[in-house]
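Thanks for coming, everyone. Please bring the structure up on your screens, and we'll walk through it together.

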Amino acid sequence: MGNEGVRFLEDVVVLDLGDEATALAGALLAELGATVVRVEDHRGDVLRRRGTCWHAVHNAGKRSIAIDTSSDEAWAALEPILAGVDVVIGPLEPTPATARFIAAAGRDPRIGVVEVVFRRGGPVEPVTDLTVAAAGGLTVLNGVPEDPPHHAAGDLAFKQAALAAAEAALALVTARRRTGRAGHVVVSAQEAVAMTTLQSANGNAFLWHGTVPSRHTQIAGGSTVLSKDGLWTSFTIHPPHFPRFVEWAQRVLGSHVLAGPEWEDPVHVSEHKDVIIGVIAALAAATPRAELIAEGQARGLLVLPVNDVVDVTKDAHLAARSFFVDVPAPDGTTVRLAGSPFRSTSGRGARGPAPVLGADQSLLAELPRRAPTAGGRGGDPRQPLAGIRVLDFSWAIAGPLGTRLLADLGADVVKIESEHRLDPIRHVGPQPGETVSLDTNGVFQDVNVNKRAVTINVDTPEGRELIRRLVPTADVVVANFTPDRLDRWGFDWATLRSLRPDVIVANLAVMGVSGPDAGWRSYGNGLVAMSGIAAHTGFEGRVPQCLGTMHTDFTVPYFAAIQLLAALHHRDRTGEGAYLELSQYEASVRLMDVELAEVLNGGEPPGRIANRSPWCDPHGIFPAAGDDRWVAIACRDDAERGRLAAVIGAPPTDEHVAAWTATRTREESVAALRAACVPVSAVEDLRDHQTDPVMAALWADVELPCGITAKAIHEPVTWDGQRLPLRRAPTWMEHTYEVVVDELGVDPSRFADLVEARVLW
C-alpha cells in the first residue's frame, strides 16, 4: 500500500450539518479526501462540549463554519455556497431553521441531500442512541433472561445511521456525475438498525414460522468460553471444518467425545448445539488461550480473543499495521485516534485535525467558485451504477451484503460460487420447511438480492480460465476470503491489472493483507468480541457475549461500499483502477472509536456499561406491564429530566421511573413521554416490525421460482420518495449458462462437458 494518502474524493464538497447521530458520516468522507464543511452552531455543539476526544473522532478532517443555527437569516446567508456543494448531510434532530435550509438545498436537482429521520413517517421527537437501538430491534436481542435487555456499547445505532448516510451521500454524488441529477435520500435510523438484525431476527423466520427472537435463546453463532488461563475466548465452528473440531476435541478430551455416525449428519449437529457448546467449553478449559487460538485458526475454526478497549490499544497486529495515529487538536496538542480502515495502492485514509470552531468562515466566499459541473449521460439517478459489473467472490454476509449495496444502485453483480466452496448462507439460516434448499434460505435472500449467480469451481484449471475471460468484462472484483486466496488462484493484483488495466479490486480480509495475524478467520461474532463491543456491553459478572447479532457483518458492508463508490468516482475522473484493502477488524474497531480515543489519551475504559451513559440520566431499559415488555428512556439535560418528572409525578430516578413504567403498557408509557418531548421508545421486536404498517414496508415480498413467497429487506433509504428497485436473490446456477455461453461464447456442448467435469459446479 502506498503512503501518500487516499484522495479519491478530492473534488467532492460535502456540507455537513450533522449532529451526534450523523456527524461520523462526514468524517468518513473526509478520510477519503472530500472537502467536508461542517456548519455548526456558534455556541458549540454537544460533540465539542463532551471534550477533545468526542470532537476529534466525529469531526476529524473537516472545516468549520459557525452560525446561529436557530436563525433563518443565518441559514439564508449560506444559500449562495450551495452552488459549490455536491451533497448535504443533515442531522437527526434539525432545528426548524435547519430543516428549512435542507429543503431549500433539495430544490436544486444537482445537489444531493441526505436527510436522516428517527422513524419513517413518524413524528419529530427527541432521539438518543438508546431509543434508536430499542426501536430498531437490536436491544431486544441482547443480554440474558435474568437482566433487562442490554443496550450495546459503542453507540451502534447512531453509527449505523451515519454509515448509511455516508453511503447514500456517495450514491448521490455518483448519480450526479453519471446522470446529471442527484436527488433527496431519506435514511431511517430505525430501519438502519433493523437491517443489522436481518440474520438474528430474519423477516422470513416470522413469515414462515412465526418466530420472534429475543435474548431468551442464544442467537448469535458461536460460544464465549474461558480458556485454561482464565481468559475469555470467542469460539465458532465453520461448518465445513466440523470434522477438524471433532478430531481436536477427541485428541484432547478423549476418543468418546462426539463419537458415532450421527455426528456426521449436519442436521443432527445443528439440533444438538448445546452438546457442542459443552465440548467447546471443556476444550477451552483444558487449553491456554494463545494455544487455543493458534490451533483453532490452523484448523479453519474461528477462534479469537475477547478484547476490551485496553486490549485493542495494545494489539500487536494493529501496532504492526500502524493503525493508531496522532492528529493535531484544536488546542495545539495532539490526540491519538484509531486510524482509517480505508487502504489502497495510493495510501491510507487520513484522519485529519478537527477544526477550531468557525475557523473556515472564508469558505463562504470561496465555495461558489468551486462549483462542479453537472455533466452526466442521463438515466435513472437511483441506478447510478448501471453499466458497472462486479465479480463477487465473497461469501457469508460481510462481503455479499457490501456488493448487494452496489447491486441496489444498478451494478451488475455476478456472484461466483461453487459447491466445492459453498457459501454457508445458502444453507445456514431460516428455511420455509424442514428441507434445506440452496434456493430458499431467508438470509441469502436479504444479502444477495439484485444479483446474478454463476457456478464456477475456481479450484480447477478450466474454472480459472473462465475467470480470466470474465475479468476483462468487470469493473470491480471483490473477495473476503483469507488475504492471499485470490493470489493463490493466480489472480493477484498484477494479473488482474494485466487483464483489465482500470479494474478496482477490493480485498475484505478479516485482518487485512499484512500483519502477524493476517491469516486469522472470523465471522461477525468474533469481530464483535475482538473489537471491544462484547466486553463492554451488559452487566458485570455476565459472560461477555451479550450482543444477539453478528453486528459487524452489517457495518463492514457499508465501509466497503463507501470505499468502492469512492474508488469508482476516482476512476471516473482519472481512468485509474485501484487495489483496495479493508480490514474487517479495523473497520470493527472503529465502532468503539470514542472509547478507544479516551483510553489512548489517558482516560479510563468504560467497563461494562450496564445500560448506563455518562451523558444521560436516567438512561435505561425499564419494565412495562406484560410479559417481558420494556421501555427505553433517556434524558440528556435538566429540561428533559424536568419533563419526565412532571409526567411520572416523582423525581426522575431509576427507581421511580421503573415503578411508573411497570404499571403501564409500553404504548401508554411511550405516548405519555413522547407528548412531553422525552426521548423514549418501546423495546421493539420482530413481531412489532412485521405488524406495523410503516415499518413492515421495509421488507418486500418476493416470489421464488419454487412457488414460495419470501421476504427481502430493503435498504433503510428512500430516494426521491421511492425505495430502490429490488428483485429476488438468484437461485443456484441460475445465470451460469447465460454468462458462460451467451456472454463468454463457450459452445453449449463444451458447457455440458464442464458441468459433467464439475467445473461449472
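**A short tour, starting after a helix**

Let's begin with one glycine. Right after helix H26 comes Gly 602, and its phi is positive, near 90 degrees. Keep in mind that this is a predicted model.

Now step back into H26 itself. Is this helix enclosed or open, and why? H26 covers residues 593–600, and 7 of its 8 residues are buried, so the rest of the structure largely encloses it. The buried ones are Asp 593, Val 594, Glu 595, Leu 596, Ala 597, Val 599 and Leu 600.

Next, the cores. In soluble globular proteins, nonpolar side chains tend to be buried together. Here the largest nonpolar core has 108 residues. Which members touch the most others? They are Leu 29, Val 114 and Ile 562. Helix H7, residues 156–179, contributes the most to this core, with 15 residues. Apart from that core lies another one, of 48 residues. Its members include Ala 153, Phe 235, Trp 263 and Ile 533.

Let's zoom in on Leu 29. Skip residues up to four places away in sequence. Leu 29 then touches Leu 9, Val 14, Ala 34, Val 36, Ile 89, Ala 166, Ala 169, Leu 170 and Ile 562.

On to a strand. Ser 234 sits in strand E8, residues 232–236. Is Ser 234 buried or exposed? Its relative accessibility is 2%, and the cut-off for buried is under 20%, so Ser 234 counts as buried. Leave out neighbours within four places in sequence, and its contacts include Ser 223, Leu 302, Asn 525 and Ala 529.

Now two helix pairs. First up, H10 and H12, residues 242–253 and 273–285. Their axes come within 10 Å and cross at roughly 50 degrees. That makes H10 oblique to H12. The crossing is left-handed. On the H10 side, the contact uses Phe 242, Phe 245, Trp 248, Ala 249, Val 252 and Leu 253. H12 brings Ile 276, Val 279, Ile 280, Ala 282 and Leu 283. By class, that gives 11 nonpolar residues, no polar and no charged.

The other pair is H27, residues 638–648, and H28, residues 654–661. Here the axes come within 10 Å and cross at roughly 45 degrees. H27 and H28 are therefore oblique to each other. H27 passes H28 in a left-handed crossing. Leu 644, Val 647 and Ile 648 of H27 meet His 656, Val 657 and Trp 660 of H28. How does this contact divide by class? It has 5 nonpolar residues, 1 polar and no charged.

Terms used. Residues numbered from 1 in each chain as written. Predicted model: local features only at pLDDT ≥ 70, side-chain atom pairs only at ≥ 80, totals over all residues. Heavy atoms only, no water. Core = buried A, V, L, I, M, F, W, Y, C linked by side-chain atoms within 4.5 Å. Buried < 20%, exposed > 50% of the residue type's maximum accessible area, 1.4 Å probe, protein only. Helix = DSSP H or I, 4+ residues; strand = E, 2+ residues; numbered from the N terminus. Contact = heavy atoms within 4.5 Å. Axes fitted to C-alpha atoms, helices over the stretch in contact; angles between N-to-C directions. Parallel < 35°, antiparallel > 145°, perpendicular 65-115°, else oblique. Left-handed = near helix turned anticlockwise from the far one by under 90°. Nonpolar A, V, L, I, M, F, W, Y, C, P; charged D, E, K, R; others polar.
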